[in-house]
Amino acid sequence: MSYFPFFVDLSDKEGLIVGGGAVALRKIEKLLPYGPKLTVAALEFGEEIRGTEGIRLLESAFMPVMLDGKYFVIAATDDRELNHRIADLCGERGILVNVVDDRDECGFLFPSLVKKGKLSVGISTEGASPSAAVRIREGFERSIPENFGRILEFLEEKRPVVKAKIGKEEKRSRFFAALFDQCVKMGRGLTDEEFWSLLREDGGENGAESQGAVYLVGAGCGQADLITVRGLRLLRACEVLVYDDLIAEELLREVPKRAQRIYVGKRYGKHSMSQEEICGILIDKAREGKMVVRLKGGDPFVFGRGGEEIRVLEKEGIRCHMVPGITSAIGIPGMAGIPVTYRGVSQSVHIVTAHTADTEDGFLADLDKIAGLQGTLVFLMGLNQLEKLAQRLVRAGRDEKTPAAVISGGNAPCPAFVRGILGTIAEETKKKQVKAPAVIVVGEVVGLAHGKAPG
């Protein structure tokens with residue numbers, strides 16, 4: 001049997017609940033906010049039911065005449081034969097009936113219910129596991145802002161204004177989405193000044209075509225649940241997704257089906273879209289009035305070219321916002337048990353690119369100075385010249401016995417963890433056939449690792 005989740009207007013509809021105990025009370029509490037005219041029939045009533053306002057009590061055994069004129073009925077007694085009889089009578093009269101703890105007798109089921117103002121969400125497992133529905137409901141409730149009911153009232157109040165000011169349906173829909181996002185972000189409805197400012201900016205209330213916006217979002221350095229709450233909210237609302245390599249598949253499934261997806265991933269040794277082409281896509285889509293999410297692994301501003309993209313967008317007059325993520329430079333070592341700072345061991349961390357086109361050997365010009373710094377060195381994009389990097393650090397004064405590690409983790413295709421010393425780390429990494437991308441860590445903190453590749 002399969003149940004369709006209708007939303008029915010119960011205001012002033014006649015309903016009957018047969019039973020006066022705790023189960024009946026739970027049904028009453030769920031129904032009353034929706035305005036039905038409830039009659040509760042039983043030989044005895046619990047004190048809480050007697051104290052409930054807005055219901056009519058019939059202190060009587062069930063009689064078929066009680067069904068007259070009823071829109072729905074709930075059989076909530078502890079007498080299975082009586083419940084079965086009530087269900088049969090309702091079936092004969094075409095009355096919707098719910099029989100507690102007896103799915104086969106039910107014409108409708110009670111969902112696990114979430115209600116916040118005018119928001120109603122019903123969750124059902126079709127009776128397979130009510131406890132699972134409750135768990136899902138509890139998780140969903142935690143995601144709803146505390147003032148959500150008032151936010152809905154504000155949005156309802158502004159609908160006529162927005163419809164009058166924005167004629168095009170697609171443009172109006174984008175504005176409603178932006179207005180909702182702004183309300184959720186602020187946890188309330190907007191002031192008049194905030195509303196009209198947003199309408200001029202996002203809705204083109206002044207007559208100009210509205211322009212979209214680009215959000216640079218860090219996806220974190222591995223599993224989908226490492227993204228920030230704000231980043232996930234934007235991902236779920238975007239109209240265009242421009243995304244890199246090594247993004248968790250679960251995150252991509254969060255994108256609306258109607259959204260356009262554009263893959264622009266870059267990998268060492270493989271042909272990829274140029275940075276100019278990527279920026280061109282972001283500009284074009286924003287100028288189409290789209291809400292664009294530029295999803296990057298790790299943090300967009302840590303060797304992710306996020307800074308370059310924002311500068312280009314700002315120069316073109318495109319609104320852009322940055323949402324941080326957990327950088328692989330810290331997250332990947334951390335998941336392998338390496339704290340990049342540790343009291344008494346390392347009071348600083350230096351994140352360095354090991355791949356640059358500005359020098360003859362591909363290393364930073366001041367790498368020798370960096371090698372002499374106290375604390376932890378973390379190198380990104382350096383696996384393919386790890387041997388040269390280690391030799392350069394030793395020549396610059398780093399002890400070849402300095403602990404070192406190479407970690408490939410997060411969403412890397414071949415997770416690996418190699419721990420050793422600077423003098424032999426390249427050889428050990430080669431033996432284990434570690435593949436890019438990988439993070440290289442040099443410093444005494446490596447000795448604190450538990451030796452597990454993060455996945």
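Two strands count as paired when DSSP finds at least two bridges between them. In this predicted model, strand β4, which covers residues 72–75, is joined to β5 by 4 bridges, and the two strands run parallel. Within this pairing, phenylalanine 72 of the chain stands opposite leucine 96 in β5.

The pair belongs to an open sheet of 5 strands, arranged in the order β3-β2-β1-β4-β5 with parallel pairing. Because β3 (55–59) and β5 (96–99) each have a single partner strand, they stand at the edges, and one side of each is left without a neighbour in the sheet. On average, neighbouring strands of this sheet are turned by 15° against each other, with direction ignored. Helix α1, made of residues 22–31, lies across β1 (14–18), β2 (37–42), β3, β4 and β5, and runs at about 160° to β1.

Another part of the picture is the nonpolar interior. The largest nonpolar core has 24 residues, and Leu367, Phe379, Leu389, Leu393, Val406, Ile440 and Val442 are those with the most contacts inside it. Among the elements that each supply at least two residues of this core are the following.

| Element | Residues |
|---|---|
| α13 | 367–371 |
| β14 | 376–380 |
| α14 | 386–395 |
| β15 | 403–408 |
| β17 | 439–442 |

Helix α14 gives the most to this core, with 4 residues. Leaving aside residues up to four places away in sequence, valine 442 touches Gly375, Thr376, Leu377, Phe379, Leu393, Arg398, Thr402, Pro403, Ala404 and Leu422. A second, separate core of 22 residues includes Tyr215, Leu232, Leu252 and Ala259.

Definitions and conventions
Residues are numbered from 1 along each chain as its sequence is written. This is a predicted model: local features need pLDDT of at least 70, side-chain atom pairs count only at pLDDT 80 or more; totals for chains, interfaces and linings use all residues. Side-chain values use heavy atoms; hydrogens and water are left out. A nonpolar core is a set of buried Ala, Val, Leu, Ile, Met, Phe, Trp, Tyr and Cys residues joined through side-chain atoms within 4.5 Å. Buried means under 20% relative accessible area, exposed over 50%, partly exposed in between (1.4 Å probe, protein chains only). Contact means heavy atoms within 4.5 Å. Axes are lines fitted to C-alpha atoms, for helices over the stretch in contact, and angles run from 0 to 180 degrees between N-to-C directions.
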